[in-house]
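Biologist: Please pick one part of this model and look at it closely. Then tell me how that part fits into the rest of the chain.

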Amino acid sequence: MNFENYYPFTPAPLPYDFEALKPYISEYTLYFHHDKHYKDYLNKLNELLAASPFMQNVPLEVLTKTENADLRKNAGGVYNHELYFNSLTPNYKEPSAKMKKLISDSFGSEQNMRNKLIDTGTAHTGSGYIWLAENPNGILEVLTTPNQDTIDFDKFTPLMNIDLWEHSYYLDKQNRRKDYLNGIMNILNWEKAEDRLER
Ligand code: MN3
């Protein structure tokens, strides 16, 4: 967990250009997603915390688990989007040999893992995220969460997440979430996933 990340939150720049993920995600989608949706969550979170001084030194990951529904939703919106934008890259590199071994130990093969991500994300009802995460036994799992919820950080180490909210793909793919997920497989950031695993 990152205990250095607390109020006041400043927006993280998109780690690539708006056009960089074409043809899988358009510049329109990324612009609205980063500059409107993500920043709205961040601004709202700062507003809520400005009015709650006793919560201002609580780290972001802990805020995503707080009992206050408004704080939890907006903290989740910040955490989830920062992880999502960093789960993608225009400079795709294959998983390292070590990561490939972990993937095949966990899912049987890389293709099985991709199918699991695509099928789980396609089957998920409504808004939310899919996650690739390491469980307490050191095995990778695909998890889903609704809305802006986060996974159980006490048990799981998140390697990456994929936004399933319609604003992630509707401008580009309309209702074809599976096409969006298929495309995403070409822009996953395995280098950053491996960094998170080793941290
Ligand atoms: Mn989103």
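Modeller: One term comes up throughout, so it goes at the start: two residues are in contact when heavy atoms lie within 4.5 Å. Keep in mind as well that this is a predicted model.

The part I pick is helix α3, which spans residues 69-86. Start with N80, which sits in this helix. N80 has a relative accessible area of 0%, so it counts as buried, the limit being under 20%. What does N80 touch beyond its neighbours within four places in sequence? The list is Y129, W131, Q148, D149, T150 and N161. Three of these, Q148, D149 and T150, carry numbers between the end of β2 at 146 and the start of β3 at 157. N161 has a number inside the range of β3, residues 157-163.

Now move along the helix to L83. Its relative accessibility is 7%, and therefore L83 counts as buried too. Setting aside residues within four places in sequence, L83 contacts W131, P158, M160, N161 and R196. W131 and N161 appear in the lists of both L83 and N80. P158, M160 and N161 all carry numbers within β3. A distance fits this picture. L83 and I162 are 79 residues apart along the chain, yet their C-alpha atoms are separated by 8.6 Å.

The metal site brings in the helix again. H81 is one of the residues that coordinate the manganese ion, and 81 falls within the range of α3. H81 binds through NE2. The other donors are H33 (NE2), D163 (OD) and H167 (NE2). The donor distances run from 2.0 to 2.2 Å. Along the sequence the spacing is H-x47-H-x81-D-x3-H. H33 carries a number inside α1, residues 27-50. D163 carries the last number of β3. D163 and H167 are both buried.

After β3 comes a loop that leads to α6, and E166 lies there. Is E166 buried, exposed or partly exposed? Its relative accessibility of 47% lies between 20% and 50%, so E166 counts as partly exposed. E166 is 91 residues from A75 in sequence and 20 Å away from it in space, C-alpha to C-alpha. The number of A75 falls within α3.

Next, the other end of the chain. E27 is found in α1. Beyond residues up to four places away, E27 touches F18, E19 and K22. E27 and M160 are 133 residues apart along the chain, and 21 Å lies between their C-alpha atoms. Two cis peptide bonds deserve a look in this part of the chain. One runs from Y7 to P8, with omega near -5°. Another joins K22 and P23, with omega about 5°. P8 and P23 both sit in the segment before α1.

Two backbone angles also stand out for a check. N147, in the loop between β2 and β3, has phi near 55°, a positive value in a residue that is not glycine. N147 is partly exposed, at 44% relative accessibility. Q174, in the loop between α6 and α7, has a positive phi of about 50° and is not a glycine either. Q174 is partly exposed as well, at 32%.

Finally, the setting. The protein has 8 helices and 3 strands. Their order is α-α-α-α-α-β-β-β-α-α-α. The C-alpha atoms fill a box of roughly 50 × 40 × 30 Å along the principal axes. The radius of gyration is 16 Å, which agrees with the value near 16 Å for a compact globule of 199 residues. Of those residues, 49% count as buried. Among contacts with a separation of 6 or more, 67% link residues 24 or more positions apart. The exposed surface is about 9800 Å², and carbon and sulfur atoms supply 48% of it. There are 21 positive and 28 negative side chains, and the centres of the two sets lie 3 Å apart.

How values were computed: Residues numbered from 1 in each chain as written. Predicted model: local features only at pLDDT ≥ 70, side-chain atom pairs only at ≥ 80, totals over all residues. Heavy atoms only, no water. Helix = DSSP H or I, 4+ residues; strand = E, 2+ residues; numbered from the N terminus. Rg over C-alpha atoms; globule rule 2.2 N^0.38 Å. Buried < 20%, exposed > 50% of the residue type's maximum accessible area, 1.4 Å probe, protein only. Areas by Shrake-Rupley, 256 points an atom, 1.4 Å probe, with all protein chains shown as cover. Lys, Arg positive; Asp, Glu negative; His and termini not counted. Charge placed at Lys NZ, Arg CZ, Asp CG, Glu CD. Donors = N, O, S within 2.8 Å, 3.2 Å for Na, K, Ca; no water.
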